Amino acid sequence: MKILTGTLTQLQKQVAAREQNLTQNTAVQTTVQEILANVKAKGDAALRNYSMQLDHVSIDDLRVPQATIDAALANLSPKLLTALNLAKTNITSYHQLEISHGFIDSPSAGIIRGQKVTPLDAVGLYVPGGTAAYPSTILMTAIPAKLAGVKKIVMVTPPQKEGLNPVVLAAAKLAGIDEIYQIGGAQAIGALAFGTETIPRVDKIMGPGNQYVAEAKKQVFGAVAIDMIAGPSEIGIIADDSADPVRVAADLLSQAEHDPNARAMLVTPSEKLAEAVSDQVEIQLATLPRAAIARTAIRNQGFIAVVNDTDAAFTLINTIAPEHLEIQLPDPITYLNQIQHAGSVFLGENAAEPVGDYVAGPNHVLPTAGSARFFSPLGVYDFVKRTQFIQYSSEALARQADAIVTLARTEGLDGHAEAILKRTAR
């Protein structure tokens, strides 16, 4: 792996320079714009054409039959069913803590105010289906939606020549998804955003995807809501001499194998650990089944930054704002307040990133590409909307009328003032 050295300022500049490689290219933007326009205009016909053109799969029925879904769950191996149920239980128990019922209060006599929380009517879940199957993503997106009370959950996933992965269908059934459609890419996002003859329009689109899916979500925002613009997967690790280089390297590769553009980053005050981890990455790549993908990611986006101390390590990692952040230091929880920007934090050598991907409970749909500075992990709160309400008695309005009229006239909005005076002037 590339080992970066220098002052903290120099390292920040080096990291920023490497991030420039992740910027969106105009060719993707133009292609997605054309796909979305075509789906909006031609509906199902456009979806079938793109399935043949891009996925090389001929699709007669876009919707997956319920019998196929039921059979997938019935034929699931007991071991895998047990694993999925464990994940479901933990994801449910964690996200139940996020449920909000709104509030109501009365700050003074005659005034009632509050907030009403209402689930969205329909959401669309995008489940990637390219180089790997992701039943865990189905649980991570659908379970918070169910807990929020969403009325209709629609799932889209790219078609496969041999048929959809039965594990994906089984996970969808287990998670309580209402409808499944075999369509992927930017065209699937367009179908969810605009609706077609077969696929219903939704209010919000969730879930990760490739650069075309991410760009499509960006372009349909406004017609529908989206969770976030998800980029390639990332892992940042802060570790010192106490860390095991074999485990650190394995954790870096656990994200590098996702995508050739994935980012695997180690920040450490130890030159010894940096060299050992770099060596271990090469050793472990030799036997990794997805080595070609991981090696490209390590070469293009991976790095090890050697800093002066742990304070500098946290400063640098907060600049990066990684999707996943592992803290492999003694007493790791004592460093929690030094973390300002990260999607999900993994404390200690046993909290490897895959624990969060699958069974711990916190969501694995996370902000990427530095957006952890302002985005949060997916949660129940993403599947609801909040509505304010206010009620005033005549006496309460009279007490505050002068302040309202004064502010309205200060802003030059005499109509606002008159709406109050018509109720309070004698």
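**Exercise 1. The contact of helix 5 with helix 6**

Task: Determine which residues of helix 5 meet which residues of helix 6, and describe how the two axes cross.

Solution. In this predicted model, local features need pLDDT of at least 70, side-chain atom pairs count only at pLDDT 80 or more, and totals for chains, interfaces and linings use all residues. Residues are numbered from 1 along each chain as its sequence is written, and side-chain values use heavy atoms, with hydrogens and water left out.

Step 1. Helices (H or I, at least four residues) and strands (E, at least two) are DSSP runs, numbered from the N terminus. A contact means heavy atoms within 4.5 Å. From helix 5, Leu84, Ala87, Lys88, Ile91, Thr92, His95 and Gln96 take part, and they meet Pro135, Leu139, Met140, Ile143, Pro144 and Leu147 of helix 6.

Step 2. Sort these residues by class, with Ala, Val, Leu, Ile, Met, Phe, Trp, Tyr, Cys and Pro as nonpolar, Asp, Glu, Lys and Arg as charged, and the others, Gly among them, as polar. The contact of helix 5 with helix 6 then has 9 nonpolar, 3 polar and 1 charged residues.

Step 3. Axes are lines fitted to C-alpha atoms, for helices over the stretch in contact, and angles run from 0 to 180 degrees between N-to-C directions. The axes of helix 5 (residues 78-96) and helix 6 (residues 135-148) cross at roughly 40° and come within 10 Å.

Step 4. The crossing of helix 5 and helix 6 is right-handed (the near helix is turned clockwise from the far one by less than a right angle; anticlockwise would be left-handed).

**Exercise 2. Helix 4 against helix 7**

Task: State the angle at which helix 4 and helix 7 pack, and classify it.

Solution. Step 1. Helix 4 (residues 66-74) and helix 7 (residues 166-175) have axes 8 Å apart and pack at an angle of about 95°.

Step 2. Angles under 35 degrees count as roughly parallel, over 145 as roughly antiparallel, 65 to 115 as roughly perpendicular and the rest as oblique. Helix 4 and helix 7 are therefore roughly perpendicular to each other.

Step 3. Helix 4 contributes Gln66, Thr68, Ile69, Asp70, Ala72 and Leu73 to the contact, and helix 7 contributes Pro166, Leu169, Ala170, Lys173 and Leu174. These residues divide into 7 nonpolar, 2 polar and 2 charged.

**Exercise 3. Strand 4 in the parallel sheet**

Task: Place strand 4 within its sheet and decide whether its residues are buried or exposed.

Solution. Step 1. Two strands pair if DSSP finds at least two bridges between them. An open sheet with parallel pairing is formed by 5 strands in the order 6-5-4-7-8. Its edge strands, strand 6 (179-182) and strand 8 (225-226), each pair on one side only.

Step 2. Strand 4 (residues 122-126) runs parallel to strand 5 (residues 152-157), joined by 5 bridges. Valine 123 stands opposite isoleucine 153, and tyrosine 126 stands opposite valine 156. With strand 7, strand 4 shares 3 bridges, also in the parallel sense; glycine 124 has isoleucine 205 as its bridge partner there.

Step 3. Buried means under 20% relative accessible area, exposed over 50%, and partly exposed in between (1.4 Å probe, protein chains only). In strand 4, 5 of its 5 residues are buried. In a regular strand the side chains alternate between the two faces of the sheet. Ala122, Gly124 and Tyr126 lie on one side of strand 4, Val123 and Leu125 on the other, and both faces are covered.

**Exercise 4. Strand 12 and its partners**

Task: Identify which strands pair with strand 12.

Solution. Step 1. Strand 9 (residues 234-239) pairs with strand 12 in the parallel sense over 5 bridges; isoleucine 238 stands opposite isoleucine 327.

Step 2. Strand 13 (residues 344-347) runs parallel to strand 12, with 4 bridges between them. Here glutamate 326 stands opposite phenylalanine 346.

Step 3. Strand 12 (residues 324-328) has 5 of its 5 residues buried. His324, Glu326 and Gln328 are on one side, and Leu325 and Ile327 on the other.

**Exercise 5. The antiparallel sheet and helix 15**

Task: Describe the sheet of order 2-3-14 and the helix that packs on it.

Solution. Step 1. The sheet is open, with 3 strands and antiparallel pairing. Strand 2 (103-105) and strand 14 (384-392) stand at the edges with a single partner strand each, so one side of each is left without a neighbour in the sheet.

Step 2. Strand 3 (residues 111-119) and strand 14 are joined by 9 bridges, and valine 117 has arginine 386 as bridge partner.

Step 3. Helix 15 packs on this sheet, touching strand 3 and strand 14, and its direction makes about 90° with that of strand 14.

Step 4. Glutamate 395 is found in helix 15 (residues 394-410). At 53% relative accessibility, glutamate 395 counts as exposed.
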